[in-house]
Amino acid sequence: MKRHNSINNQKHLLSLRRILRKSLTPSEARLWFCLQKKQLDGKRFRRQFSVGNFILDFYCPKQKLAVELDGKHHFTPAGVMIDGERDAFLEAQGIAVLRFENNMVLMQLENVLETIRQHFSD
């Protein structure tokens, strides 16, 4: 039986994760369409997966790769600071973080998918 790290998918974030899964942004929905069901090079991604107190937009456990889509609030001084703390925490857990602006997913999807592929280790 698999043992899950106690910092992953903590129960107190369950209802928020469910809400986020049901209310994807247009860019999240478009990227999820390409990532779900192992469509990207056979890699399994999860959406709205939590690590610690952070909920990741998309996470590939086997690759230890988080994919975050950023809207305008991420580009404020407070957003940049929070994202920096979040990325440092995730990197301390051995998780690589890729960030894309929402518009990039909508306008340059193939480039986004290729960048994700380049971060696969096998």
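Four aromatic pairs are present in the structure, which is a predicted model. In one of these pairs, the ring centres of Phe 49 and Tyr 59 are separated by 5.0 Å and the ring planes meet at 20°, so the arrangement is classed as stacked, given that planes under 30 degrees apart fall into that class. Because Phe 49 belongs to strand β1 (residues 46-51) and Tyr 59 to strand β2 (residues 54-60), the contact ties together parts of the chain that are 10 residues apart in sequence. Both partners are shielded from the surroundings in the sense of accessible area, Phe 49 being buried and Tyr 59 likewise buried.

A tilted aromatic pair is formed by Phe 54 and Phe 89, with a distance of 5.5 Å from centre to centre and an angle of 50° between the planes. Here distant parts of the chain are linked, since Phe 54 is located in strand β2 and Phe 89 in helix α3 (residues 77-92), 35 residues apart. Phe 54 has a relative accessibility of 22% and therefore counts as partly exposed, and Phe 89, with a relative accessible area of 27%, is also partly exposed. A further contact of an aromatic ring involves a charge: the charged end of Lys 43 sits over the ring of Phe 120, at 5.4 Å from the centre of that ring.

Salt bridges were sought throughout the whole structure, and six were found. One of them joins Asp 41 to Arg 117, with 3.3 Å between the closest N and O atoms. This pair links distant parts of the chain, as Asp 41 is placed in the loop between α2 (26-35) and β1, whereas Arg 117 is placed in helix α5 (residues 109-118), 76 residues apart. Asp 41 is partly exposed, its relative accessible area being 44%, and Arg 117 is partly exposed with a value of 28%.

A salt bridge is also formed between Glu 68 and Arg 86, whose closest N and O atoms are 3.0 Å apart. Glu 68 is part of strand β3 (residues 65-70) and Arg 86 is part of helix α3, so that parts 18 residues apart in sequence are tied together by this pair. Glu 68 and Arg 86 are both buried.

Helix α3 also contributes Asp 83, which forms a salt bridge with Arg 99 in strand β4 (residues 96-101), a link between distant parts of the chain that are 16 residues apart; the closest N and O atoms of this salt bridge are 3.5 Å apart. With a relative accessible area of 9%, Asp 83 is buried, while Arg 99, at 25% relative accessibility, counts as partly exposed. Asp 83 and Arg 99 also take part in a network of salt bridges that links them with Asp 70 and Asp 87.

With regard to the cysteines, the count of disulfides comes to zero. The cysteine sulfur closest to that of Cys 34 is the one in Cys 60, and because the two are 15 Å apart, they are too far from each other for a bond, the criterion being a pair of sulfur atoms within 2.5 Å. Cys 60 is accordingly in no disulfide, the sulfur of Cys 34 being the nearest cysteine sulfur at 15 Å. Cys 34 counts as buried at 18% relative accessibility, and Cys 60 counts as buried at 1%, the limit for this class being under 20% relative accessible area.

Note on methods. Residues are numbered from 1 along each chain as its sequence is written. This is a predicted model: local features need pLDDT of at least 70, side-chain atom pairs count only at pLDDT 80 or more; totals for chains, interfaces and linings use all residues. Side-chain values use heavy atoms; hydrogens and water are left out. Rings of Phe, Tyr and Trp (its six-membered ring) pair if their centres lie within 6.5 Å; planes under 30 degrees apart count as stacked, over 60 as edge-to-face and the rest as tilted. Helices (H or I, at least four residues) and strands (E, at least two) are DSSP runs, numbered from the N terminus. Buried means under 20% relative accessible area, exposed over 50%, partly exposed in between (1.4 Å probe, protein chains only). A charge sits over a ring if NZ of Lys or CZ of Arg is within 6 Å of the ring centre and within 35 degrees of the ring normal. A salt bridge is a side-chain nitrogen of Lys or Arg within 4 Å of a carboxyl oxygen of Asp or Glu.
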